Structures are given as C-alpha cells and as structure tokens.
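Please examine the structure shown below, with attention to how its nonpolar residues, strands and helices are arranged. The explanation proceeds element by element.

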Amino acid sequence: MTETRDDTVTWLTQEAYDRLKAELDHLSGTGRLDIAKKIEAARDEGDLRENGGYHAAKEEQGKQEGRIIQLTHILENARVGTAPRTDGVVGPGMTVTIRFEGNDDEVTFLLASREESGAPIDVYSPRSPLGQAINGKKVGETATYNLPNGRAASVEILEAVPYGGM
C-alpha cells in the first residue's frame with residue numbers, strides 16, 4: 001500500500017484492500033453488535049457514574065467508531081494497483097536506501113503508508129519530515145529535513161527501487 005503526493009488517494013494492493021475491507025465489514029457489523037451487548041450488560045450492573053465496565057465499553061465503542069471512519073475514508077479514496085513510479089526517483093512504494101551526512105551507515109526502508117502492515121522492512125511515511133524531504137529526489141541527490149529537536153539533518157539518496165516484497 002502506498003500513498004501518492006495527492007493526500008486524497010491511497011494506492012492499495014488487492015491484498016491490502018481486501019484486508020481493510022474485511023476489517024471494516026467486521027467492525028461495522030458484528031463488532032458493533034458485540035460492543036452494544038457489552039454496553040447493555042454493563043448498564044444492567046447499576047449506577048453508570050461508578051460503573052467501570054460501562055465506561056470501558058463506551059471508550060472501546062468510540063475507538064471502534066473512529067477506526068470505522070478511518071477505514072471508510074481510506075477505502076473510498078483507494079485505488080487498487082501500483083502507484084506510478086520511476087526507478088531512481090524516490091516516491092511512495094519505493095524501497096529507499098539513504099546515508100545520513102557524516103555517517104557511513106546505510107538505512108533501507110519502504111516509503112509507504114502507515115497502513116502497510118507485514119512489510120519485512122521498516123516503513124516510513126511519505127508525510128514524515130524525512131519522507132517529505134526525499135520524495136521526488138533522484139539517486140545521488142541530497143535532501144535536508146528538520147529533526148524534532150529543531151536541528152537539520154541531511155541524507156544522500158543511494159538507491160530507490162520499486163518495492164517488490166521480500
């Protein structure tokens with residue numbers, strides 16, 4: 001699964017789309033029924049102001065509804081397939097190898113959505129400071145971005161190839 005520079009489109013593999021759709025179907029169907037049963041059972045225990053089970057069930061319901069909204073948005077704006085990309089140019093769906101300035105160690109990661117799960121390598125978001133700085137850069141170019149502490153860091157792009165799984 002990858003995101004394009006357009007924040008409204010999320011590129012999904014068919015497998016990722018099917019997995020997210022199944023999760024949405026469960027949460028909005030039997031998941032909602034299960035939460036309703038928990039709330040009803042806790043409500044039957046008495047005073048709601050001091051009922052920890054009731055409050056926990058309501059909190060779980062809120063989180064579940066938030067996930068339903070998130071999944072609905074992702075799936076409504078999803079395109080199944082492979083995002084257009086070019087070897088040697090960093091973009092979503094690319095396996096990227098970089099070297100931090102002043103350090104000989106190389107770091108390889110997948111530039112993709114946080115919804116990507118199961119990738120055998122680290123996944124960095126295209127929306128992260130590093131992801132935004134390197135997006136669109138070519139092999140051999142340098143990118144600079146700000147760290148959380150306010151300092152700047154520079155990286156050299158060593159490789160950018162389409163992710164093919166591992």
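The paragraphs that follow treat the cores, a hairpin, an aromatic pair and a helix in turn.

The model is predicted. In soluble globular proteins, nonpolar side chains tend to be buried together. The largest nonpolar core here has 15 residues, and those touching the most other members are Val90, Val96, Ile98, Phe109, Leu130, Ile134 and Val155. At least two core residues come from each of strand S4 (94-100), strand S5 (106-111), helix H3 (129-134), strand S7 (142-146) and strand S8 (152-162). The largest share, four residues, is supplied by S8. Isoleucine 134 illustrates the contacts: leaving aside residues up to four places away in sequence, Ile134 touches Val90, Val96, Phe109, Ala143, Val155 and Ile157. A second core, separate from this one, comprises ten residues, including Leu12, Ile68, Leu75 and Ala78.

Two of the strands named above, S7 and S8, form a hairpin with five residues between them. Within the turn, glycine 150 has a positive phi of about 95 degrees. The strands pair in the antiparallel sense over five bridges, and threonine 144 stands opposite serine 154 in S8. In a regular strand the side chains alternate between the two faces of the sheet. S7 has a covered face made up of Ala143 and Tyr145, whereas Thr142, Thr144 and Asn146 form its uncovered face.

Phenylalanine 109, already met in the largest core, also takes part in ring pairing. How many aromatic pairs does the structure hold? There is one. A pair of aromatic rings is described by the distance of the centres and the angle of the planes. For phenylalanine 109 and tyrosine 124 these are 4.1 Å centre to centre and 15 degrees between the planes, and the pair is stacked. That classification follows because planes under 30 degrees apart count as stacked. The pair links distant parts of the chain, with phenylalanine 109 in strand S5 and tyrosine 124 in strand S6 (residues 123-124), 15 residues apart. Phenylalanine 109 has a relative accessible area of 0% and is therefore buried; tyrosine 124, at 27%, is partly exposed.

Helix H2 (residues 52-76) contains 25 residues. At 1.5 Å a residue, H2 should span 36 Å, and its end C-alpha atoms are 36 Å apart, so the two values agree. At the N-terminal end of H2, asparagine 51 acts as a cap, with a side-chain oxygen 3.2 Å from the backbone nitrogen of glycine 53. The buried residues of H2 are Tyr54, Ala57, Gln64, Arg67, Ile68, Leu71, Ile74 and Leu75. Among them, Ile68 and Leu75 belong to the second core.

Definitions and conventions. Residues are numbered from 1 along each chain as its sequence is written. This is a predicted model: local features need pLDDT of at least 70, side-chain atom pairs count only at pLDDT 80 or more; totals for chains, interfaces and linings use all residues. Side-chain values use heavy atoms; hydrogens and water are left out. A nonpolar core is a set of buried Ala, Val, Leu, Ile, Met, Phe, Trp, Tyr and Cys residues joined through side-chain atoms within 4.5 Å. Buried means under 20% relative accessible area, exposed over 50%, partly exposed in between (1.4 Å probe, protein chains only). Contact means heavy atoms within 4.5 Å. Two strands pair if DSSP finds at least two bridges between them. Rings of Phe, Tyr and Trp (its six-membered ring) pair if their centres lie within 6.5 Å; planes under 30 degrees apart count as stacked, over 60 as edge-to-face and the rest as tilted. The expected span of a helix is 1.5 Å times one less than its number of residues. A polar contact is a pair of N or O atoms within 3.5 Å; within protein, one must be able to donate a hydrogen and the other to accept it, and residues adjacent in sequence count only if both atoms are side-chain atoms.
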